[in-house]
Amino acid sequence: MADTAQTWRPLEVDPGSAGVPASPEGLAEFLRGQDVTELLTREKAVVFRGFGTGAEPAPYDMAADLLLPNRLAYVHGNSPRTKVGRNVYTSTEYPAEFEISMHNEMSYSHTWPRRILFCCAYPAATGGATPVVDGALWLASLDPEVRAAFASGVRYTQNLHDGMGFGKSWQATFETEERDGAEAFLDGTDAQWRWLADGSLRIGRTAPATVEHPVTGTEVWFNQADQWHPAGLGEEAALLAEMLPEDELPQSVRFADGSPIPAEYITHVQETGLRLAVDVDWRRGDLLLVDNVAAAHGRRPYTGERRVLVAMSD
């Protein structure tokens with residue numbers, strides 16, 4: 001299917017366009033004069049550049065307090081991160097040489113953040129952009145056969161070890177050392193789960209492949225099938241899939257009816273999202289605010305050191 005014409009890019013706001021001083025206080029002045037919800041709903045993603053945020057924790061916290069109504073803990077998150085502040089985390093700690101495909105944060109879970117705020121403490125030597133893609137454009141650009149196949153949704157399976165094994169532990173995933181804490185979270189979801197004899201936790205959940213934006217009603221591609229399927233995760237994941245049965249992998253995915261998802265569908269979805277994405281190239285102190293339903297994000301490979309922090313909000 002031919003790609004829909006790409007006309008969307010994130011809005012860029014700098015002190016000149018905002019008419020405020022080039023400082024964190026100037027950004028705060030601008031934001032206090034905005035309806036941030038309306039701005040983000042309209043633009044889908046906004047880059048704030050040249051305000052000097054991100055170099056120190058305090059300016060970042062001030063911006064996060066204005067942009068994120070309620071900072072969320074990264075509970076039930078499946079990517080490796082380090083908590084560095086008040087519900088502030090490092091962005092996914094995935095080897096620099098690999099690309100992270102487009103995804104909506106925690107779309108596999110029963111709840112997900114509505115907003116994501118990235119902050120560049122310092123950029124990579126080369127590469128390391130954060131690509132973003134319009135979820136409606138991504139959906140419209142998929143082959144009709146693939147869209148039809150995903151229409152009934154997907155079934156995610158997650159195996160969280162007890163402190164030693166492949167992938168994340170249940171303790172790191174739920175930010176607790178107590179089984180009761182993990183159970184309390186899962187009891188409030190529509191997931192099916194059980195403890196296994198080795199102390200690991202197996203979780204299954206069926207979810208739609210698309211959702212409608214809660215404000216605009218626009219249908220968007222909204223799932224992480226390609227990041228849970230060996231075909232979308234490179235050679236190491238493929239080798240692991242050969243070593244272990246599917247139901248013992250750290251994470252796996254099938255169609256909602258239990259049938260396998262063809263590898264070529266996964267490749268098509270992943271390549272389409274990455275091809276349509278617009279790169280946000282980082283400068284020190286930049287902020288990127290993303291509507292997590294309207295737009296998906298990823299990460300380009302990079303060299304050198306790179307530190308991008310992230311916080312989320314409902």
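This passage describes the overall fold, one sheet, the nonpolar cores and the cysteines of a predicted model.

Taken as a whole, the protein comprises 11 helices and 20 strands. Its radius of gyration is 19 Å, close to the 20 Å that the globule rule gives for 314 residues, so the protein is as compact as a globular protein of that length. Along the principal axes, the C-alpha atoms occupy a box of roughly 60 × 50 × 40 Å. Of the 314 residues, 54% are buried. Among contacts with a separation of 6 or more, 78% link residues that lie 24 or more positions apart.

A convenient place to look in more detail is an open sheet of 4 strands, arranged in the order β11-β12-β10-β15 with antiparallel pairing. The edges are taken by β11 (192–195) and β15 (251–255); each has a single partner strand, so one side of each is left without a neighbour in the sheet. From one strand to the next, the twist averages 15°. At one of these edges, β11 is joined to β12 (residues 201–207) by 4 bridges, and the two strands run antiparallel. Within this pair, Gln192 stands opposite Gly204 of β12. Helix α8 (residues 179–187) packs on the sheet and touches both β11 and β12, its direction making about 165° with that of β11.

Turning to the interior, it helps to recall that in soluble globular proteins nonpolar side chains tend to be buried together. Here, the largest nonpolar core holds 44 residues, and the members touching the most others are Phe118, Trp138, Phe150, Trp221, Ile261 and Leu288. Helix α11 (residues 263–276) supplies the largest share of this core, with 5 residues. Trp138 makes a good example of the surroundings: beyond its neighbours within four places in sequence, its contacts are Met102, Val133, Trp221, Val269, Thr272, Gly273, Leu276 and Ala296. A second, separate core contains 24 residues, including Val20, Tyr60, Ala64 and Leu287.

The cysteines round off the picture, as the structure holds 0 disulfides. What keeps Cys119 from forming a bond with the closest cysteine sulfur? The closest cysteine sulfur to that of Cys119 belongs to Cys120 and is 7.1 Å away, which is too far for a bond; the cut-off for a disulfide is a pair of sulfur atoms within 2.5 Å. Seen from Cys120, the closest cysteine sulfur is that of Cys119, again at 7.1 Å and too far for a bond. Both residues are hidden from solvent by the accessibility criterion: Cys119 is buried with a relative accessible area of 1%, and Cys120 is buried with a value of 0%.

Definitions and conventions. Residues numbered from 1 in each chain as written. Predicted model: local features only at pLDDT ≥ 70, side-chain atom pairs only at ≥ 80, totals over all residues. Heavy atoms only, no water. Pairing = 2+ DSSP bridges. Axes fitted to C-alpha atoms, helices over the stretch in contact; angles between N-to-C directions. Contact = heavy atoms within 4.5 Å. Buried < 20%, exposed > 50% of the residue type's maximum accessible area, 1.4 Å probe, protein only. Core = buried A, V, L, I, M, F, W, Y, C linked by side-chain atoms within 4.5 Å. Rg over C-alpha atoms; globule rule 2.2 N^0.38 Å.
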